[in-house]
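Trainee: Could you walk me through this model, one question at a time? I'd like to see how each answer is reached.

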Amino acid sequence: MGVEPGRVHFSWISSAESTKFVDVVKKVTEAVRAVGPNEKYVKKELKVA
Amino acid sequence: MQAYTEKMREIARRLLKECRVETVIGFRKGSMPMMNEPCLVKSIDDVDQLVWDGNCGINLANYLTNRTDKIAVFAKGCDSRNIVTHIIENKIKREQLVIIGVPCKGMIDKRRIRSMAPGEITEVVEDGENVRVRGADFEKSFPRKDMLQSNCAVCIHRNPVIYDELVADLVPEQQNVDRYEDVRAIEAMSPDERWQFFEDLLAPCIRCYACRNACPLCYCPTCFVDESAPQWVGKSQNPVDVRTFHFLRAYHCAGRCTDCGSCERACPMGINMRMFTKKLEKEALDQWGWEAGLSLDQRPPLDWYRPDDPQDFIK
């Protein structure tokens with residue numbers, strides 16, 4: 001659809017896997033930062049004069 | 001095509017006369033050329049309204065949802081697969097139905113014909129291999145096989161998969177069809193190109209929801225776009241809202257869509273929203289070897305867990 005691959009992540013983390021949770025969150029954050037803000041999916045407000 | 005029509009009327013008349021069904025769902029001539037409309041025939045007197053030609057592209061499974069009467073329904077290959085899907089999803093019972101199979105030779109693309117005619121079309125007649133188009137001051141003939149709807153041109157299930165009677169002998173299925181050439185072209189694009197492709201594809205959309213209403217899969221009592229608490233998607237024509245509507249609707253059709261083309265046919269703007277559903281159809285085939293509506297005995301992949309379901313995307 002045109003969403004960059006680095007923006008979408010799937011993971012299965014048990015409630016007992018706190019360290020995996022931390023790792024995944026770190027990885028996701030880094031990956032999304034690398035792609036930058038998702039400006040395409042922001043509604044542009046109409047400019048009123 | 002006349003032979004199909006005659007046979008249909010004969011079957012409909014017999015079923016109504018013997019009281020085997022209360023309603024026959026078929027097509028009648030619309031008020032304009034190439035605009036046949038679905039109709040519900042309840043009396044023998046109205047049986048002669050029924051017609052069949054290359055303009056019966058709307059999916060009749062759409063008219064079965066939650067009905068309680070006994071119904072005879074005419075079913076092309078795609079219709080029959082959607083009827084199977086309806087039965088699997090408990091939207092109709094098999095015992096209520098007399099399915100009259102219609103071996104299909106593809107439906108004709110009214111937009112292509114209109115774009116190739118030099119003026120307003122007043123009559124379209126199909127005679128065998130050709131489509132003759134007449135207007136006030138012109139008459140043209142096109143080879144029928146070049147005028148098929150794009151989904152019919154790549155169809156590999158022309159014959160009904162489930163039926164009680166047939167209106168004609170089964171037709172040969174198309175062989176060696178490349179169903180997903182267009183999807184692969186989009187898959188090969190970069191994310192930015194792809195974004196732009198869908199931006200351009202959906203630009204004419206007026207959010208009339210004709211695609212949703214024509215779709216036999218879209219039978220939710222309240223569609224997510226009509227819901228206001230919570231409001232899942234904005235109601236404006238902002239490109240973000242338009243896109244959200246189209247891709248969410250497509251996701252709801254994943255593993256269920258038979259590429260019948262009703263959505264595209266119903267669209268007043270001629271948008272090919274099948275580019276969304278077809279991608280999901282291809283995924284269902286690649287991931288689970290699944291084609292929707294081929295059997296009453298198999299659960300669709302998305303409501304069933306199997307230990308060997310693909311899960312490489314989960315990290």
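Trainee: How many residues of domain 1 of chain B are in contact with domain 2 of chain B, and how many on the other side?
Mentor: Before the count, some ground rules: this is a predicted model, where local features need pLDDT of at least 70, side-chain atom pairs count only at pLDDT 80 or more, and totals for chains, interfaces and linings use all residues. Residues are numbered from 1 along each chain as its sequence is written, chains are lettered from A and ligands numbered from 1 in the order in which they are written, and side-chain values use heavy atoms, with hydrogens and water left out. Contact means heavy atoms within 4.5 Å. By that rule, domain 1 of chain B brings 17 residues and domain 2 of chain B brings 15 residues.

Trainee: Where does the assignment place domain 2 of chain B?
Mentor: Domain bounds come from an automatic or database domain assignment. For chain B, domain 1 is given as 2-109 + 148-303. The centres of domain 1 and domain 2 of chain B, taken over C-alpha atoms, are 24 Å apart. Domain 2 of chain B is assigned residues 110-147.

Trainee: What area do domain 1 of chain B and domain 2 of chain B bury between them?
Mentor: The size of an interface is often given as the accessible area lost when the parts come together. Here buried area is the accessible area (1.4 Å probe) that two parts lose on being put together, summed over both. For domain 1 and domain 2 of chain B, 49% of it is on carbon and sulfur atoms, and the total is about 1,300 Å².

Trainee: Which residues of domain 1 of chain B lose the most area to domain 2 of chain B?
Mentor: Look at the domain 1 side of chain B, where three residues together make up 45% of what that side buries. They are B:M34, B:D109 and B:L148.

Trainee: How many residue pairs are in polar contact across that interface?
Mentor: A polar contact is a pair of N or O atoms within 3.5 Å; within protein, one must be able to donate a hydrogen and the other to accept it, and residues adjacent in sequence count only if both atoms are side-chain atoms. Salt bridges (a side-chain nitrogen of Lys or Arg within 4 Å of a carboxyl oxygen of Asp or Glu) number zero between domain 1 and domain 2 of chain B. For polar contacts, with both residues at pLDDT 80 or more, the number of pairs is twelve.

Trainee: Which element gives the most to the largest nonpolar core?
Mentor: A nonpolar core is a set of buried Ala, Val, Leu, Ile, Met, Phe, Trp, Tyr and Cys residues joined through side-chain atoms within 4.5 Å, and the largest one has 42 residues, with B:W52 and B:F74 among those with the most contacts inside it. Several elements of chain B each supply at least two residues, including β1 (23-28) and α2 (77-88); helices (H or I, at least four residues) and strands (E, at least two) are DSSP runs, numbered from the N terminus. With six residues, the top contributor is α1(B).

Trainee: Is B:R243 buried or exposed?
Mentor: B:R243 sits in helix α8 (residues 239-252) of chain B, and its side chain makes a polar contact of 2.6 Å with that of B:E199. Beyond its neighbours within four places in sequence, B:R243 is in contact with residues including A:M1 and A:Y41. Buried means under 20% relative accessible area, exposed over 50%, partly exposed in between (1.4 Å probe, protein chains only). B:R243 has 2% relative accessibility, so this residue counts as buried.

Trainee: What share of the residues in chain A is buried?
Mentor: Chain A has one helix and zero strands. Its C-alpha atoms fill a box of roughly 55 × 20 × 20 Å along the principal axes. Of the 49 residues in chain A, the buried share is 10%.

Trainee: How many residues apart in sequence are the parts that B:R212 and B:D226 tie together?
Mentor: The side chains of B:R212 and B:D226 meet in a salt bridge at 3.0 Å, N to O. B:R212 is buried at 12% relative accessible area, while B:D226 is partly exposed at 39%. B:R212 lies in helix α7 (residues 210-214) of chain B and B:D226 in the loop between α7 and α8, so the parts tied together are 14 residues apart.
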